[in-house]
Amino acid sequence: MSPEPFGARLRRAMDERGPLCVGIDPHASLLADWGLSDDVAGLERFSRTVVEALAGRVAVLKPQSAFFERFGSRGIAVLEKSVEEAREAGALVVMDAKRGDIGSTMAAYAETFLGKDAPLFSDALTVSPYLGYGSLRPAVELARENGAGLFVLALTSNPEGGEVQHAVRGDGRTVGATMLAHLAAENAAQTPLGSFGAVVGATLGDLSSYDLDINGPLLAPGIGAQGATAADLAGVFGAAVRNVVPNVSRGVLRHGPDVLALRESADRFAEEIRAAVEAA
Ligand SMILES: O=c1ccn([C@@H]2O[C@H](COP(=O)(O)O)[C@@H](O)[C@H]2O)c(=O)[nH]1
């Protein structure tokens, strides 16, 4: 029997738990604020605490791979364990590794994060399409096969992204709009939600010139530390707001290491997001 697609699993999780995605971003400064050492033991304690606090509560956890990779193989081992424990506790895991390469190498990245028996198997992976959307094909195919998903960087939350993503192509469309169109094609006829999402920053203001109706999830980083708020979501995403998965990392994590304080912070963001979506 083929596995249930990521889009269907995500829709259910969003309906049951609300759409909030909390990042697991063990910045060196956060480890220090939490009274932890900037080493593998500190990394492990940090990740364990976030998983214990939130994996049974929020729809999605998003480990930022860079903060684990910086400790080498032992950091990757912590990442593997965090993914496994988060999934066991009921959260969907979006691995934020932003991989992108020529197709033959992309196939190996896909095996790493989306291969059925891979130690880092995640429910979805962030990918960069800037070697050409077609270079992502091996990841799209493996994700489909294994009931996983992708989040493609379309309109990123950082101010530098616009020089690439807002650039206008020969056909008059922007690069970002072209990525959204590829995703809409990928998700055509998928119910209740396609598995191929876009990363679209919550920081970007009015996006009404973009067609965000891709029948897939829109992962929206930028709330909290980058300055966007839950109240901005309706203005940024318009009618697509129902498919938005808002991400907050430092905005929640700064309340650790106390498990209850982390939960209270996530609950506050979740409530603000619920109210904003309902009012839209
Ligand atoms: O456009 C993007 C894509 C990914 N990110 C990632 O999301 C989190 C945001 O962290 P905050 O602490 O809430 O700012 C982080 O892991 C980024 O690498 C993004 O911010 N923007």
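This briefing covers the barrel, one helix, one exposed loop residue and the surroundings of the ligand.

The model is predicted. Eight strands close into a barrel, in the order S1-S2-S3-S4-S5-S6-S7-S8. Their pairing is parallel. On average, neighbouring strands of this sheet are turned by 30° against each other, direction ignored.

**Strand S1**
- S1 covers residues 21-24.
- Cys21 and Gly23 point one way from S1, whereas Val22 and Ile24 point the other way.
- All four of these S1 residues, Cys21, Val22, Gly23 and Ile24, are buried.
- S1 pairs with S2 in the parallel sense, over four bridges.
- Within that pairing, Cys21 stands opposite Val60 in S2, and Ile24 has Pro63 as its bridge partner.
- S1 is also joined to S8 by two bridges, and these strands run parallel.
- Here the bridge partner of Cys21 is Asn247 in S8.
- Cys21 thus has a partner in S2, Val60, and one in S8, Asn247.

**Strand S2**
- S2 covers residues 60-63.
- From S2, Val60 and Lys62 point one way and Leu61 and Pro63 the other.
- Val60, Leu61, Lys62 and Pro63 are all buried, the lysine included.
- Two bridges join S2 to S3, and the two strands run parallel.
- Leu61 has Val93 in S3 as its bridge partner.

**Strands S3 and S4**
- S3 spans residues 92-99, and S4 spans residues 124-127.
- Three bridges join S3 to S4, again with the strands running parallel.
- Val94 stands opposite Ala124 in S4.

**Helix H9**
- H9 runs over residues 175-186, which makes 12 residues.
- At 1.5 Å a residue, H9 should span 16 Å. Its end C-alpha atoms are 17 Å apart, which agrees.
- The buried residues of H9 are Gly176, Ala177, Met179, Leu180, His182, Leu183 and Glu186.
- An α-helix has 3.6 residues a turn, so residues three or four places apart point the same way.
- The buried residues of H9 pack against two helices, H7 (137-146) and H8 (162-165).
- They also pack against two strands, S5 (149-155) and S6 (196-200).

**Ala167, in the loop before H9**
- Ala167 is found in the loop between H8 and H9.
- Ala167 counts as exposed because 10 other C-beta atoms lie within 10 Å, and the cut-off for exposed is 12 or fewer.
- Leaving aside neighbours within four places in sequence, Ala167 is in contact with Thr174 and Val175.
- Ala167 and Ala225 are 58 residues apart along the chain, and their C-alpha atoms are separated by 27 Å.

**Around the ligand**
- There are 18 residues around the ligand.
- Those that come nearest are Thr156, Ser157, Pro221, Ser249 and Arg250.
- Two elements give two or more residues to this shell: strand S8 (244-248) and helix H11 (250-253).
- By class, the shell has 11 polar, four nonpolar and three charged residues.
- S8 therefore appears in two settings: S8 gives residues to the shell around the ligand, and S8 is joined to S1 by two bridges, in a barrel where S8 ends the listed order.

Notes
Residues numbered from 1 in each chain as written. Predicted model: local features only at pLDDT ≥ 70, side-chain atom pairs only at ≥ 80, totals over all residues. Pairing = 2+ DSSP bridges. Axes fitted to C-alpha atoms, helices over the stretch in contact; angles between N-to-C directions. Expected span 1.5 Å × (residues − 1). Buried ≥ 20, exposed ≤ 12 C-beta atoms within 10 Å, placed from the backbone. Contact = placed C-beta atoms within 7 Å. Near = placed C-beta within 6 Å. Nonpolar A, V, L, I, M, F, W, Y, C, P; charged D, E, K, R; others polar.
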